[in-house]
Amino acid sequence: MSDGGGPARGSRAEALWGYAFIAPTGLGLAIFYLWPVLQTAYFSFTEWGPFGGHTWTGLANYTRLLGDPEVGRAVLNTLTYTALGLLGIPVAIVFAALLNRPGLRGVSLYRTAFFLPVVTMPVAVAMLWRWLYNGDYGLINQVLAVVGIDGPNWIADPATALYALVVVGIWSSVGYNLIIFLAGMQAIPKELYEAASMDGAGRVRQFFRITLPMVSPTAFFVSIVSVIGSLQLFDLVFVMTGSGKAARANPAYTRLQTVVQLFYERAFVTNDRGYAAAVVIALLVLIAVLTVLQFRLQRRWVHYV
Amino acid sequence: MSERRPLGVHAVLAVSSLLMVAPFAWQIVTSLKTLSSATAVPPTFLPEGRWDNYAKVFDLLPFGEQFLNTVVMSAGRVAGQVLFCSMAAYAFARLRFPGRNLLFGLFLSVLMVPPQLFVIPQYQIMSTLGWLNSLQAIIVPGLFSAFGVFLLRQFFLALPREIEEAARLDGAGPWRIYWSIMLPLARPGLVALAVLTLLWAWNDLFWPLVVNTDPERMTLSAGLAALQGQYQTDYPVLMAGSLIASLPVIAVFVFLQRQFIQGIAHTGTKG
């Protein structure tokens, strides 16, 4: 009898313990994360008065959003930044492959150099690059002047601003991706390389025939993560351009403004929170579409063993 | 393997490593110059020992307060996440209870949503509680992490069950098993979560910028961004400020390099 009741009571106690263990994080996520998502979705259908309070306006924010040239520009800038940022992936793969060479010395030193920008505060990174990019006194233009090139005012010139930003983005993320690729490469069975070298394949051939296909699932993961990250670009642009009037004084501002920066301004500078909510819902849709698209395309280039 | 020495590989890696760290070197050099020598054409490459730029950062900003705010915020988030995430992760990995998979799915769904979607309602919660411009505001939402639960669950799942079974037969309850057996075994996972949380908390900009607008309550990230807005062109001071703000995490990274790297590698391979 006691045997019959034991396990049942035991598993009930186990269940209670289970709920107790997940309660802190569960409640925290519900209050600060899950419920807010629903609220933001609701807010996107409302308009906010100057003193708080909001009224239901149906699809008004979304129709406004579709005709808003500022949104159009921000989306275009963000998409361009995201697409160009993907160039960082082959860079990371090549350096990971170089570091993965068996018996190479000094790997941890090189790895540290690449990883340093990853652990540096993005605000500091942005300030540092703003200085490097300075049109008159920046190191980059001073070096270019030595070879007789008159460099532009990189982040204040509409023709160069976005590309200058991409360079900083790649510089600060290549170390992160490199670590992930290195872990992926170290998991490739050594026998594959041994067999290939028996067959007389050189290092370059081995890279294209073995390393590249074997890390393609890792590359897929990295590309998903970096697209999602790039679409949320904020810190770099915020520090490089600032916000509000001062930012608009930068002639390249329209080439730099991103979706999240627009969200920040609408939500916390002009306090137009209903519209801001619609902007981030649009961002969510953009992220979802691009992620699904990548999953669709993966069959064409990702090799699973 | 009998290989010829990989000189070419070293050359490529050395040059690119130098390119990676050159901006930092220039940051240090600039931070030790006067404004006029920083803007000299052609540039000078030697630092000049102008340590007063560093003192100036403390004059222009409540830097001491901001530093302390950042330390407390980061420590609070790390402690909260390591405790709460490991509890939830242990339950999801080992305990059986109705709705477990559904709840885990719900936790994971938070990971799929860009964080900007949480901000407006979170801000309203803080405002309702009267928490704007407070340490609670920058700590509390950061105590909970779906990512941490996911990461640690992987660690718990990989641990052998035998030790737990033995403890259970000895009459240990779930809390004791979690606290005195599982936590010590999952230490590498806890350290990985701790260093990643520290990195993200220390460098976080958006949320602290939004909730704490009083300079005394700002974090370093937000404070520096504000400094940049006001002293746009005093580059030596800006470089000094950005250097001391990012140095603590860089120092932790240098000491705990292996744990950082493993943490990052885990987010990739187990994702």
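Guide: A polar contact is a pair of N or O atoms within 3.5 Å; within protein, one must be able to donate a hydrogen and the other to accept it, and residues adjacent in sequence count only if both atoms are side-chain atoms. This is a predicted model, in which local features need pLDDT of at least 70 and side-chain atom pairs count only at pLDDT 80 or more, while totals for chains, interfaces and linings use all residues. Residues are numbered from 1 along each chain, and side-chain values use heavy atoms, without hydrogens and water.

Visitor: How many residue pairs are in polar contact across the interface of chain B and chain A?

Guide: The rule finds 12 such pairs, both residues at pLDDT 80 or more. Helix 1 (residues 7-31) of chain B, a DSSP run (H or I, at least four residues) numbered from the N terminus, gives the most to the side touching chain A, with 15 residues.

Visitor: Why is the pair A:E14 and B:R96 called a salt bridge?

Guide: The term asks for a side-chain nitrogen of Lys or Arg within 4 Å of a carboxyl oxygen of Asp or Glu. The closest N and O atoms of A:E14 and B:R96 are 3.6 Å apart, so the pair qualifies. The count between chain B and chain A is one.

Visitor: What area do chain B and chain A bury between them?

Guide: About 8,300 Å², 76% of it on carbon and sulfur atoms. Buried area is the accessible area (1.4 Å probe) that two parts lose on being put together, summed over both. In chain B, B:M20, B:L117 and B:I120 lose the most area to chain A, together 9% of what that side buries.

Technical notes: Chains lettered and ligands numbered in written order. Helix = DSSP H or I, 4+ residues; strand = E, 2+ residues; numbered from the N terminus.
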